[in-house]
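Q: Please go through this structure with me and explain, term by term, what each label rests on.

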Amino acid sequence: MEDRSGVRRARYAVAAVFAVHGAVTGSFATRVPWIQDHASLGAGRLGFALAFTALGASCAMPLAGRISHRFGSRNALRGLIALWTLSLVLPSLAPNLPALCLAMFTYGACAGMADVAMNALGVEVERRLGRSVMSGLHGMWSAGALVGSAAGTLAAHLGADARTHFLLAAAVLTVLGVLSCTWVLDIQPAADEEPPPRFALPPRSALLIGTVGFCAVFAEGASLDWSAVFLRDRLDSSAGLAAASTTAFMLTMAVARIAGDAVVNRFGAVRTVRAGGVLAVLGGLLVVLAGQPVVAMGGFALMGLGIAVVVPLCFAAAGHAGPNPSQAIAGVATITYTSGLIAPSLIGGVAQATSLVVSFGVVTALACGLAMCAGVLRSAERGVEREVSPRAAAVPGPRP
């Protein structure tokens with residue numbers, strides 16, 4: 001019998017890695033206004049630079065599987081998470097647009113590879129435990145992002161130089177990330193196993209599921225990188241209050257994801273996502289119509305609550321949707337995370353042509369897709385009924 005205590009320990013370890021990954025993102029998001037001012041960029045040029053994050057991730061994400069195959073899952077994740085935490089320093093060093101584009105390309109490449117590696121291990125932990133844990137793991141990512149954004153809010157309020165802030169944050173997070181990888185699952189390929197392809201198109205079954213994830217992650221990426229700028233430029237908020245809007249968004253994301261597994265087990269994936277879509281639309285409308293910072297902050301918080309559990313449920317649905325679960329999950333991951341990486345640049349482009357209000361009107365329209373298309377996640381509910389329930393019925397007493 002598999003050592004379930006070891007699997008549980010691996011679950012906590014990969015949860016810590018998720019938190020470290022999120023802390024990097026939260027740290028960066030709150031200092032985007034500082035980076036924009038330091039590089040002397042308008043909204044459109046900032047959005048152009050942020051687009052290189054998506055380009056870097058798209059180029060590098062397929063390499064994560066080959067790196068894990070070559071070095072084993074544990075060593076691969078240890079190296080990739082260290083690259084990701086250290087890359088936090090790069091955007092703050094860029095004095096102009098070309099340098100920032102290069103920094104964001106590297107930042108995105110490191111983000112994408114670490115993201116794929118830790119999610120693959122999370123899916124494997126879930127498989128070995130026989131119950132849903134992905135929402136909780138993503139909750140730990142949000143909790144880490146909350147801690148990172150809270151520290152960034154304090155740094156912005158104190159007027160700290162982002163170069164110093166990011167250097168200290170990167171040093172601490174690198175140590176935590178590398179140590180956490182000591183206890184993750186160490187999956188080694190068989191001697192005759194072929195390495196995964198560098199690139200593979202997602203199967204058809206993953207496309208609709210990925211569309212739902214695209215809508216949610218677009219709203220998440222836009223809110224993370226532009227909420228602080230929205231409050232500062234649109235509502236004349238202070239740097240500290242603007243950064244606090246990102247913290248409010250991440251707080252609701254963290255709470256909803258940590259509680260997400262229980263909610264989904266009670267109401268099902270489809271009803272949960274439909275209700276979340278309604279909340280996200282209401283939040284987007286509050287942001288668009290806001291005349292006061294507190295109203296906009298409430299809108300960002302509602303959006304965070306509404307979209308929180310969508311991505312974990314997309315992974316679960318993909319795993320039950322076709323004959324090749326791993327390929328489907330990889331396809332959904334590519335679609336959803338690419339959405340989050342391109343969202344900031346598209347928001348900047350729309351803002352340059354029109355305004356940030358119009359940009360978040362686009363985000364609100366996409367949030368409608370969550371309520372309209374939630375039915376494609378029904379395969380996740382069928383999968384839970386088919387696989388998880390029999391395990392629970394066969395083993396008396398509380399589940400681990």
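**Reasoning from values to labels**

A: A search of the whole structure, which is a predicted model, finds zero disulfides.

Q: What keeps C215 from being counted in a disulfide?
A: The nearest cysteine sulfur to that of C215 belongs to C373 and is 6.5 Å away, whereas a disulfide requires two cysteine sulfur atoms within 2.5 Å; C215 is therefore in no disulfide. The statement holds from the other side as well, since C373 is in no disulfide and has the sulfur of C215 as its nearest cysteine sulfur, at 6.5 Å.

Q: Why is C215 called buried or exposed, and why is C373 given its own label?
A: C215 has a relative accessible area of 9%, and because buried means under 20%, C215 is buried. C373 has a relative accessible area of 31%, a value that falls between the 20% limit for buried and the 50% limit for exposed, so C373 is partly exposed.

Q: What makes the phi of S40 worth noting, and where does S40 lie?
A: Phi of S40 is near 55°, a positive value in a residue other than glycine. Most residues other than glycine have a negative phi. S40 lies in the loop between α2 (32-38) and α3 (43-60), and because its relative accessible area is 61%, with exposed meaning over 50%, S40 is called exposed.

Q: Which phi value does D236 have, and why is D236 called buried or exposed?
A: D236 is not a glycine, yet has a positive phi of about 55°, and D236 is found in the loop between α10 (204-235) and α11. At 68% relative accessibility, set against the cut-off of over 50%, D236 counts as exposed, which is why the label is given.

Q: Why does T252 count as buried or exposed, and what does its side chain reach?
A: T252, which lies in helix α11 (residues 239-258), has 18% relative accessibility; because that is under 20%, T252 counts as buried. The side chain of T252 reaches the backbone oxygen of F249 at 2.9 Å, a distance that lies within the 3.5 Å allowed for a polar contact. Leaving aside residues up to four places away in sequence, T252 touches A301, G304 and L305.

Q: How do you know which label, buried or exposed, belongs to A162 and to T30?
A: A162 lies in helix α9 (residues 162-180) and T30 in helix α1 (residues 4-30). Relative accessibility is 0% for A162 and 3% for T30, and because buried means under 20%, A162 counts as buried and so does T30. The two are 132 residues apart along the chain, and their C-alpha atoms are separated by 9.9 Å. With residues up to four places away in sequence not counted, A162 touches R31, W34 and S92, while T30 touches S149, G152, T153, A243 and T246.

Q: What makes up the nonpolar surface patch, and why can V278 belong to a patch?
A: The nonpolar patch of about 390 Å² is made by V278, L282, L285 and L289, and V278 has its place in helix α13 (residues 269-289). V278 has 46% relative accessibility and counts as partly exposed; because patch residues need over 30% relative accessible area, V278 meets that accessibility requirement.

Terms used:
Residues numbered from 1 in each chain as written. Predicted model: local features only at pLDDT ≥ 70, side-chain atom pairs only at ≥ 80, totals over all residues. Heavy atoms only, no water. Helix = DSSP H or I, 4+ residues; strand = E, 2+ residues; numbered from the N terminus. Buried < 20%, exposed > 50% of the residue type's maximum accessible area, 1.4 Å probe, protein only. Polar contact = N/O pair within 3.5 Å; in protein donor to acceptor, adjacent residues only side chain to side chain. Contact = heavy atoms within 4.5 Å. Patch = residues over 30% accessible without salt bridge, like charges linked within 9 Å, V, L, I, M, F, W, Y side chains within 5 Å. Areas by Shrake-Rupley, 256 points an atom, 1.4 Å probe, with all protein chains shown as cover. Salt bridge = Lys/Arg side-chain N within 4 Å of Asp/Glu carboxyl O.
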